Amino acid sequence: MRLPDGVKTIADRLSAARLNTQEDQVRRHVLRGFASGTTPTTVTLAKQCGLSPSRAREILLRLMAMDLLSLDSTEETVLVAYPFSSVPTPHRVRFTSREVFALCAVDALGMPAMLGETAGISSRCAHCGSKVEAQAQPDTLSQYHPAEIVVWFPESEDDCCPVAQSRCPNISFFCIHEHLQAWRQANGHPHGVVLSLVEAFEVGREIFGSLLSEPASPTG
Ligand SMILES: [Zn+2]
């Protein structure tokens, strides 16, 4: 993978979390809920998993402590579960019959592989605001516009807060390399790597492709 040294992805955090079967079941239902275009709540997850709401909340809080998702302040609604956001972002991913928001450019590009579906991705250049669009199948980027799109991936931030707040907002599409350079100049020359769209798609596949695949050997 062509990511900066020290970057911990959601796949890394998930494998480090060593979730037990029940925790992993809740995590999967959260992702499937977002994937179906709904925002998962503690109550719906409790029903789906056959748990009491308080037990479901306890598990969700543990998943939040691992930075696998985020709850709202009432602990009733899941706001974020990588790669999804219940709050609108610049990155829209359209599947047949539904549209979802991705937390960042790489998250958007990883969704087709994660869900095994074709998707249309639309976002905006983080410098000039012009539209960037891509069509992706689980294993191929079929077309995109403009032809020179690049993706910025910043170096790892301090562990001050969830990645959704620290890193995701800066993993962006740029319509051309010059606009990425202009954006970096205006933002204090942050460190990171420049990915072509095809490279960013491969990174997204690598990170998200296995998040819903069957567990190898769950513990507990
Ligand atoms: Zn631009």
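**View 1. A tetrahedral zinc site.** With angles of 93 to 123° among its 4 donor atoms, the zinc ion sits in a tetrahedral site (four donors earn that label if all angles lie between 85 and 135 degrees). Its protein donors are Cys-125 (SG), Cys-128 (SG), Cys-175 (SG) and His-179 (ND1), at 2.1 to 2.3 Å; donors here are N, O and S atoms within 2.8 Å of the metal (3.2 Å for Na, K and Ca), with water not among the atoms. Cys-125 belongs to the loop between strand 6 (119-124) and strand 7, and Cys-175 to the loop between strand 10 (172-174) and helix 7 (177-186), so this pair ties together parts 50 residues apart in sequence. Both cysteines, Cys-125 and Cys-175, are buried (under 20% relative accessible area, 1.4 Å probe, protein chains only).

This is a predicted model, in which local features need pLDDT of at least 70 and side-chain atom pairs pLDDT 80 or more, while totals for chains, interfaces and linings use all residues. Residues are numbered from 1 along each chain as its sequence is written, and side-chain values use heavy atoms, leaving out hydrogens and water.

**View 2. The open sheet.** Here 8 strands follow the order 1-2-3-5-4-6-7-8 with antiparallel pairing; strands are DSSP runs (E, at least two residues), numbered from the N terminus, and two of them pair given at least two DSSP bridges. Strand 7 (residues 131-137) and strand 8 share 5 bridges, and Ala-134 has Tyr-144 as its bridge partner in strand 8.

**View 3. Arg-98 in strand 5.** Arg-98 is found in strand 5 (residues 98-102). Its side chain reaches the backbone oxygen of Ala-35 at 2.4 Å.

Methods. Helix = DSSP H or I, 4+ residues; strand = E, 2+ residues; numbered from the N terminus. Polar contact = N/O pair within 3.5 Å; in protein donor to acceptor, adjacent residues only side chain to side chain. Tetrahedral: all angles 85-135°; square planar, octahedral: opposite > 155°, others 65-115°. Buried < 20%, exposed > 50% of the residue type's maximum accessible area, 1.4 Å probe, protein only.
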